[in-house]
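This report describes one protein model for a reader who has the sequence and the structure at hand. Please look over both before reading on.

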Amino acid sequence: MIDQSPALQEARPLANDLSAIAETGLEALSYLSSDNTPTTEWRQTQLAKLDEAAKPKAALEFVVITQRAEL
């Protein structure tokens with residue numbers, strides 16, 4: 001469906017961003033449930049992913065990311 005619509009093509013990056021956000025959340029939950037502490041490198045990588053996902057694309061944005069707490 002997305003391949004058939006130029007308007008939806010512009011929103012394709014949002015799907016990729018949502019996947020990255022979900023992956024970050026699942027990894028964070030894994031750290032919490034295992035009582036492990038993430039490395040500084042992991043934290044910086046995830047914050048960079050969230051910062052990238054927070055950028056508006058196709059005049060849309062994930063507002064919840066712009067209001068995120070520090071990991």
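## A nonpolar patch on the surface

The structure is a predicted model. On its surface, Leu26, Leu29 and Leu32 make a nonpolar patch of about 350 Å². Of these residues, Leu32 belongs to helix α1. Leu32 counts as exposed because its relative accessibility is 64%, and the cut-off for exposed is over 50%.

## Overall architecture

The protein chain contains three helices and zero strands. Followed along the sequence, its pattern reads α-α-α. Of the 71 residues in the protein chain, 17% are buried.

The chain exposes about 5200 Å², and 59% of this area comes from carbon and sulfur atoms. When contacts between residues at least 6 apart in sequence are considered, 47% of them join residues at least 24 apart.

## Helix α1

Helix α1 covers residues 6–33, a run of 28 residues. How far apart should its ends lie, and how far apart are they? At 1.5 Å a residue the helix should span 40 Å, and its end C-alpha atoms are 42 Å apart, so the two values agree. The span is reckoned from one less than the number of residues.

Helix α1 has a kink of about 30° at Arg12, shortly before the proline Pro13. Just after the helix, Asp35 adopts a positive phi of about 60°.

## Buried residues and their partners

Which residues of α1 are buried? Leu14, Asp17 and Thr24 are. The element that the buried residues of α1 pack against is α2, which covers residues 40–54.

Asp17, found in helix α1, can be examined in more detail. Its relative accessibility is 10%, and therefore Asp17 counts as buried, since buried means under 20%. Apart from its neighbours within four places in sequence, Asp17 is in contact with Glu52, Ala53, Lys57 and Phe62.

The position of Asp17 can also be compared with that of Glu61, a residue of the loop between α2 and α3, the latter being residues 63–66. Glu61 and Asp17 are 44 residues apart in sequence, while their C-alpha atoms are 9.8 Å apart in space. Glu61 is partly exposed, because its relative accessible area is 42%.

## Salt bridges

Side chains of opposite charge can pair when their charged atoms come close. How many salt bridges does a search of the whole structure find? The search finds two.

One salt bridge joins Glu23 and Lys49, whose closest N and O atoms are 3.5 Å apart. This pair links distant parts of the chain: Glu23 lies in helix α1 and Lys49 in helix α2, with their positions 26 residues apart in the count along the sequence. Glu23 has a relative accessibility of 38% and so counts as partly exposed. Lys49, with a relative accessible area of 28%, is also partly exposed.

In another salt bridge, the side chains of Lys55 and Glu52 meet at 3.0 Å, N to O. Lys55 is partly exposed, as its relative accessible area is 44%. Glu52 is partly exposed too, with a value of 39%. Glu52 has already appeared in this report, as one of the residues in contact with Asp17.

Methods
Residues numbered from 1 in each chain as written. Predicted model: local features only at pLDDT ≥ 70, side-chain atom pairs only at ≥ 80, totals over all residues. Heavy atoms only, no water. Helix = DSSP H or I, 4+ residues; strand = E, 2+ residues; numbered from the N terminus. Bend = angle between axes of the 7 residues up to and from the residue. Buried < 20%, exposed > 50% of the residue type's maximum accessible area, 1.4 Å probe, protein only. Contact = heavy atoms within 4.5 Å. Patch = residues over 30% accessible without salt bridge, like charges linked within 9 Å, V, L, I, M, F, W, Y side chains within 5 Å. Areas by Shrake-Rupley, 256 points an atom, 1.4 Å probe, with all protein chains shown as cover. Salt bridge = Lys/Arg side-chain N within 4 Å of Asp/Glu carboxyl O.
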